Amino acid sequence: MNKRTIDLWVGIFVAIGLSALFFLALKVGNLLNFKEERNGYELMARFENIGNLKPRAPVKSAGVVVGRIEKIRLDPKTYEAEVRIHLENQYQFSRDTIATIYTNGLLGEQFIGLEAGGDSEYLKDEESIKKTQSAIQIEKLISQFMFSQAQKSPDTPDAPTGNAAPAAGVKKK
Amino acid sequence: MIDGITHWLIGLGASVRAGVTRLGFATRFMIAVFKASGPTFARPRLLIHELYHAGVLSLIIVLMSGLFIGMVLALQGYETLVRFGATEAMGVLVALSLVRELGPVVAGLLFASRAGSAITAEIGLMKTTEQLAAMEVMAVDPVARVVAPRFWAGVISLPLLAALFSTLGIYGGYLVAVKLIGIDNGAFWGQMQAAVDWRYDVGNGVIKSVVFACAVSLIAVFEGFDATPTAEGVSAATTRTVVTSALVILALDFILTVFMFRGSAVG
Amino acid sequence: MFSSSASNGATAEAVGSGVNNDSPTISLDNVSFGYTKERSILSGISLKVPRGKLVAVMGGSGCGKTTILRLICGQHAASTGTVNVNGQSIASMSRDELFAHRRKLGMLFQFGALFTDMTVFDNIAFPIREHTDLPEVIIRDLVLMKLNAVGLRGTALLKPSELSGGMARRVALARTIALDPELVLYDEPFAGLDPISLSVVGQLIRKLNDALGMTSVLVTHDIAESLKIVDYIYFVSEGKVVAEGDVASIKTSNDPFVKQFVNGEPDGPVRFHYPAPPLTEQFAEARP
């Protein structure tokens with residue numbers, strides 16, 4: 001095996017190896033979008049309950065991904081979840097935008113949906129979204145449903161008020 | 001009875017002591033390799049030669065395995081995803097499992113058995129036939145001349161091989177998912193791109209493969225250099241390279257995964 | 001730091017070569033060595049190799065002959081006693097000095113130890129390329145010269161695996177002398193060679209020694225060939241020098257060890273039996 005052949009093969013190997021790395025970063029890992037994101041700005045939103053929302057989950061408006069969730073923490077004073085959102089510069093939202101936590105399908109991942117309002121002023125970097133709507137929790141929905149059913153039926157003497165109690169009431173039946 | 005226990009304890013102590021001694025040798029050897037690495041980069045010809053043996057000659061097995069593993073992943077993933085009506089998530093499943101886990105780990109295992117064992121056998125044979133001693137007498141440091149280029153060739157090759165493995169695996173998954181099963185092309189790539197983070201997933205996968213590369217290369221050159229200079233000694237060292245590398249890769253993978261991905265698993 | 005130590009080495013060398021023109025190039029003085037404390041391989045061995053001479057160290061297998069060579073080239077350090085080369089003790093050398101010492105030394109290994117992944121040409125060019133910055137044209141001439149000296153210029157492009165045992169030994173010899181060493185050590189150069197190759201290698205060793213003005217140490221158990229080519233012989237047994245002399249005196253020696261060795265007698269000072277209790281005793285042990 002002469003030197004030129006070895007050089008050629010090693011050159012090919014390194015070249016396709018590096019292009020595989022680029023492929024993974026660009027095509028699979030979406031590095032290009034990430035670069036745009038870095039030029040973006042950050043907003044805060046407070047929710048009573050975020051359900052299963054996770055960092056790096058998408059932020060969508062009208063179904064289009066406009067940013068990602070950067071960080072989630074609990075405010076120790078108000079016991080609200082404080083979510084830091086990273087948005088791309090090209091998307092600006094009015095000051096009365098509503099942030100809602102949605103679920104993708106019945107069991108899918110959760111994301112934040114932004115609905116722009118009519119205010120003429122836009123939200124700026126590090127500002128907070130005032131109007132938020134917490135995640136819909138299926139357990140809560142079910143218990144509310146049970147609760148209303150229980151109230152309708154006459155043979156339940158004590159109408160439960162808590163979240164866990166209706167389940168017990170159902171069992172008694 | 002007491003005698004038996006004492007005997008057993010003595011045996012245990014001796015093997016622990018031998019293990020620790022060997023670990024110490026390996027550490028000192030690693031430091032020696034790093035110290036002797038200057039000439040390797042000053043004279044790239046040696047490094048290129050070893051890159052050919054470690055990297056290029058491992059290409060076929062790594063590319064083929066990647067392709068097939070990707071295709072099998074897609075087939076098996078479809079079985080599960082179709083029950084939840086989430087077949088569009090196929091791209092995510094294939095890409096994440098390859099980039100985070102299978103790429104670095106399986107490429108590492110293949111590399112250990114293809115290139116690692118060859119490195120051990122080569123160095124062991126050079127020791128057996130006194131080629132290393134001959135270099136030493138010629139005032140040429142065998143660690144700098146023989147060991148360091150092979151070590152660095154391994155460290156450079158494996159991350160590239162792992163990336164190629166993942167890429168071919170994703171392509172294999174694409175073939176099965178889109179061409180064979182008929183999942184929507186846009187959904188396959190779009191969901192993948194939405195879910196895979198280049199820094200968090202791809203970056204950590206690359207870090208894993210670099211760590212495995214250092215571990216496997218070090219084990220391979222150390223076992224070769226430390227081999228008993230006989231035919232049996234070299235064959236035993238070659239076996240040890242493959243077995244130790246496999247165990248070390250899997251153990252390191254667990255540790256790295258705990259540190260890298262625990263955040264998302266818990267909350 | 002580095003430059004000062006280098007210059008120290010240079011002066012020591014200059015002084016050494018000035019003082020020791022008549023005294024031996026190599027001297028081992030009461031040297032002992034063992035890999036473990038329990039079992040010593042050399043116990044108080046002393047020998048001298050004068051400049052420009054070809055000296056053989058002979059002895060049975062496993063008597064520590066190879067160890068002597070390893071002590072001289074500094075791969076092992078003596079437990080007690082001193083090994084001097086050109087008047088400088090090996091033990092006192094720094095790493096740089098040791099490497100400088102090895103650069104002036106050639107060693108022919110038992111089975112040649114040619115690099116199996118290189119051609120014959122590259123094998124011989126190896127030490128030249130490692131230690132000099134000569135242009136490739138000059139290296140080529142040097143290599144062909146060395147190959148010509150051992151009569152194997154035609155094999156330059158072959159791989160070591162394509163050579164016969166005798167040719168491989170001669171190529172290894174060419175590599176050993178590639179940098180024109182002052183001192184050459186031969187470790188069993190005749191092992192496993194056919195009679196023709198054996199005498200070719202033997203003649204080459206003698207001729208090279210005289211032509212290049214080298215000092216040579218030859219470790220072997222081939223008495224017949226050694227008697228033809230060497231100047232002086234040391235007999236080593238159980239880690240000690242048991243007999244010594246020039247070729248004429250060895251041939252006429254009445255020393256029992258030398259006689260046994262020269263005539264190849266199975267029993268003599270070197271016992272046929274490994275130490276064991278008498279056979280009758282051992283038989284009796286097994287029967288109650």
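**Cavities in the predicted model**

Colleague: Which class of residue leads in the lining of the largest cavity: nonpolar, polar or charged?
Modeller: Bear in mind that this is a predicted model. The lining has 3 polar and 3 charged residues, set against 9 that are nonpolar. That puts one class ahead, and the answer is nonpolar.

Colleague: How many cavities of 30 Å³ or more are there in the whole structure, and how much space lies in the largest?
Modeller: The search covered the whole structure and turned up 2 cavities at that cut-off. As for space, the largest one has about 150 Å³.

Colleague: Which residues lie closest to the centre of that largest cavity?
Modeller: Its lining is made of 15 residues. Chain B puts one name on the closest list, and the others are from chain C. Here they are: B:Met138, C:Leu105, C:Gly106, C:Arg175 and C:Thr176.

Colleague: Which element gives the largest share of that lining?
Modeller: Several elements supply at least two residues each: α6 (131-137) of chain B, plus α3 (95-103), β6 (105-108), α4 (120-131) and α6 (165-176) of chain C. The largest share is 3 residues, and it comes from β6(C).

Colleague: What about the second largest cavity: how many charged residues are in its lining?
Modeller: This one has about 80 Å³ of space. Its 13 lining residues include A:Leu24 and B:Val99, both among the closest to the centre. Helices supplying at least two residues each are α1 (3-28) of chain A and α5 (90-128), α7 (142-181) and α9 (198-226) of chain B. By class the lining splits into 9 nonpolar and 4 polar residues, and the charged count is none.

Methods:
Residues numbered from 1 in each chain as written. Chains lettered and ligands numbered in written order. Predicted model: local features only at pLDDT ≥ 70, side-chain atom pairs only at ≥ 80, totals over all residues. Heavy atoms only, no water. 1 Å grid on protein atoms, 1.4 Å probe; cavity = no way out; pocket = protein on both sides within 12 Å on 5 of 7 lines; lining within 4 Å. Points joined across faces, edges and corners; volume = space filled by probe spheres on them. Helix = DSSP H or I, 4+ residues; strand = E, 2+ residues; numbered from the N terminus. Nonpolar A, V, L, I, M, F, W, Y, C, P; charged D, E, K, R; others polar.
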